[in-house]
Amino acid sequence: MQIEVTDVKFRKVFETEPLKAVCSITLNDAIAVHDIKLVRAKSKTIVVMPARRRADGEFVDIIHPINSGSRQVIEQAVINEYHRVCENNVLSQEI
């Protein structure tokens, strides 16, 4: 089964850095993943999967792609939709 991002919804988009946006995605019209962050790090934008802090202070992913192909599909869908939202001047507000 191949992964497909069937929906991307941005909850917040920020003009400040490093946090650029927070979104949810739907995978294969079947599974929703919330609290995905888009972060500007040095010269590139990265997609950060939802994580929680353990008692020892370390962050661990709650959900994450198992292989690089799946990660690439998710990253590309989120980044493409972010650029579309920004081009439509929908910044610093809930969408």
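Helix H1 is where I would like to start, since among the elements of the chain it gives the most to the lining of the largest pocket, with 4 residues. I should say at once that this is a predicted model, and everything that follows is computed from it.

Staying with that pocket, its volume is about 210 Å³, and 16 residues line it, of which Ile3, His64, Pro65, Ile66 and Ser70 lie nearest the centre. The elements that give two or more residues to this lining are helix H1, which spans 68-87, and strand E2, which spans 19-27. If we sort the lining by class, we find 11 nonpolar and 5 polar residues, and no charged ones.

Let me now step back to the chain as a whole. There are 6 strands and 1 helix, and, read along the sequence, they follow the pattern β-β-β-β-β-β-α.

What radius of gyration does the chain have, and what would a compact globule have with 95 residues? The chain has 14 Å, whereas a compact globule with that number of residues would have a value near 12 Å, which agrees. Taken along the principal axes, the box filled by the C-alpha atoms is roughly 35 × 35 × 25 Å.

As for burial, 31% of the 95 residues count as buried, and the chain exposes about 6500 Å², of which carbon and sulfur atoms supply 49%. Finally, turning to contacts between residues at least 6 apart in sequence, 33% of these join residues at least 24 apart.

Conventions
Residues are numbered from 1 along each chain as its sequence is written. This is a predicted model: local features need pLDDT of at least 70, side-chain atom pairs count only at pLDDT 80 or more; totals for chains, interfaces and linings use all residues. Side-chain values use heavy atoms; hydrogens and water are left out. On a 1 Å grid over the protein atoms alone, a cavity is a set of points where a 1.4 Å probe fits but cannot get out, and a pocket is an open set with protein on both sides within 12 Å along at least five of seven lines; lining residues have an atom within 4 Å of a point. Grid points are joined across faces, edges and corners, and a volume is the space filled by probe spheres set on the points. Ala, Val, Leu, Ile, Met, Phe, Trp, Tyr, Cys and Pro count as nonpolar, Asp, Glu, Lys and Arg as charged, and the others, Gly among them, as polar. The radius of gyration is taken over C-alpha atoms; the globule rule is 2.2 Å times the number of residues to the power 0.38. Buried means under 20% relative accessible area, exposed over 50%, partly exposed in between (1.4 Å probe, protein chains only). Contact means heavy atoms within 4.5 Å. Accessible areas come from the Shrake-Rupley method with a 1.4 Å probe; for residues, only the protein chains shown count as cover.
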